[in-house]
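This briefing introduces a structure to a reader who has not met it before. Please view the sequence and the model together before turning to the points below.

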Amino acid sequence: QVQLVESGGGLVQAGGSLRLSCAASGMIFSINNMGWYRQAPGKQRELVAATTSRGSTNYADSVKGRFTISGDNAKKMVLLEMNSLKPEDTAVYYCNLEVRSHYYDPSVRYWGQGTQVTVSS
């Protein structure tokens with residue numbers, strides 16, 4: 001079993017910055033993909049940013065140039081640096097890791113518990 005623990009959310013004024021972190025523990029042989037998603041009240045969960053084990057990244061258009069994702073397979077962590085935050089970034093943010101627990105196992109996606117980010121205007 002794999003556990004993901006997120007931290008770093010909070011309340012910030014518009015234009016401010018926050019850094020989210022997600023640490024994985026448990027039976028982990030490899031981590032293929034890491035990502036951050038968010039869900040605002042009344043909206044569907046959406047992809048914010050993702051990175052692969054090879055270091056390629058992908059961002060939602062709404063956060064390009066403001067957010068930066070970085071993954072560290074050795075430390076089993078993924079970070080999300082969020083700058084120039086806007087009120088519309090307010091949401092619960094979830095980390096998502098695609099993990100193989102053993103060499104012969106298929107990849108399984110695990111979710112963090114979510115951390116609240118609130119941006120005031």
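The notes that follow cover a sheet, one residue within it, the salt bridges and a surface patch.

The model is a predicted one. Four of its strands form an open antiparallel sheet in the order β1-β3-β8-β7, and A23 has its place in strand β3. The structure also holds five salt bridges, and a nonpolar surface patch is made by F29, Y103 and Y104.

**The four-stranded sheet**

- The strands of the open sheet follow the order β1-β3-β8-β7, and their pairing is antiparallel.
- The edges are taken by β1 (2-7) and β7 (67-72); each has a single partner strand, so one side of each is left without a neighbour in the sheet.
- On average, neighbouring strands of this sheet are turned by 15° against each other, direction ignored.
- Strands of a sheet pair through backbone hydrogen bonds, in either a parallel or an antiparallel manner.
- Six bridges connect β1 with β3 in the antiparallel sense.
- Strand β3 is likewise joined to β8 (residues 77-82) by six bridges, and these two strands run antiparallel.
- Strand β1 has a covered face made of V2, L4 and E6, and an uncovered face made of Q3, V5 and S7.
- From the covered face of β1, L4 stands opposite A24 in β3.
- On the β8 side of strand β3, S21 stands opposite L79.

**A23 and its surroundings**

- A23 lies in strand β3, which spans residues 18-26.
- A23 has bridge partners in two strands: V5 is paired with A23 on the β1 side, and M77 stands opposite A23 in β8.
- Leaving aside residues up to four places away in sequence, A23 touches Q3, L4, V5, K76 and M77.
- The C-alpha atoms of A23 and V78 are 6.8 Å apart, although 55 residues separate the two along the chain.
- A23 is partly exposed because its relative accessible area of 30% falls between the limits of 20% for buried and 50% for exposed.

**The salt bridge between R19 and E81**

- Side chains of opposite charge can pair when their charged atoms come close.
- R19 and E81 meet through their side chains in a salt bridge, with a distance of 3.5 Å from N to O.
- This pair links distant parts of the chain, since R19 belongs to strand β3 and E81 to strand β8, 62 residues apart.
- R19 is partly exposed at 48% relative accessibility, and E81 is also partly exposed, with a relative accessible area of 29%.

**The salt-bridge network around R38**

- R38, E46, R66 and D89 are linked in a network of salt bridges.
- Within this network, R38 forms a salt bridge with E46, and their closest N and O atoms are 2.7 Å apart.
- R38 also meets the side chain of D89 in a salt bridge, at 3.0 Å from N to O.
- The pair of D89 and R38 links distant parts of the chain: D89 is in the loop between β8 and β9, R38 is in strand β4 (residues 30-39), and the two are 51 residues apart.
- R38 is buried because its relative accessibility of 6% is under the 20% limit.
- D89 counts as buried too, at 1% relative accessibility, whereas E46 counts as partly exposed at 35%.

**The nonpolar surface patch**

- F29, Y103 and Y104 make a nonpolar surface patch of about 440 Å².
- One of these residues, Y104, is found in the loop between β9 (91-100) and β10 (108-111).
- Y104 counts as exposed because its relative accessibility of 75% is over the 50% limit.

Terms used. Residues are numbered from 1 along each chain as its sequence is written. This is a predicted model: local features need pLDDT of at least 70, side-chain atom pairs count only at pLDDT 80 or more; totals for chains, interfaces and linings use all residues. Side-chain values use heavy atoms; hydrogens and water are left out. Buried means under 20% relative accessible area, exposed over 50%, partly exposed in between (1.4 Å probe, protein chains only). Contact means heavy atoms within 4.5 Å. Two strands pair if DSSP finds at least two bridges between them. Axes are lines fitted to C-alpha atoms, for helices over the stretch in contact, and angles run from 0 to 180 degrees between N-to-C directions. Patches are made of residues with over 30% relative accessible area and no salt bridge: like charges are joined within 9 Å, nonpolar side chains (Val, Leu, Ile, Met, Phe, Trp, Tyr) within 5 Å. Accessible areas come from the Shrake-Rupley method with a 1.4 Å probe; for residues, only the protein chains shown count as cover. A salt bridge is a side-chain nitrogen of Lys or Arg within 4 Å of a carboxyl oxygen of Asp or Glu.
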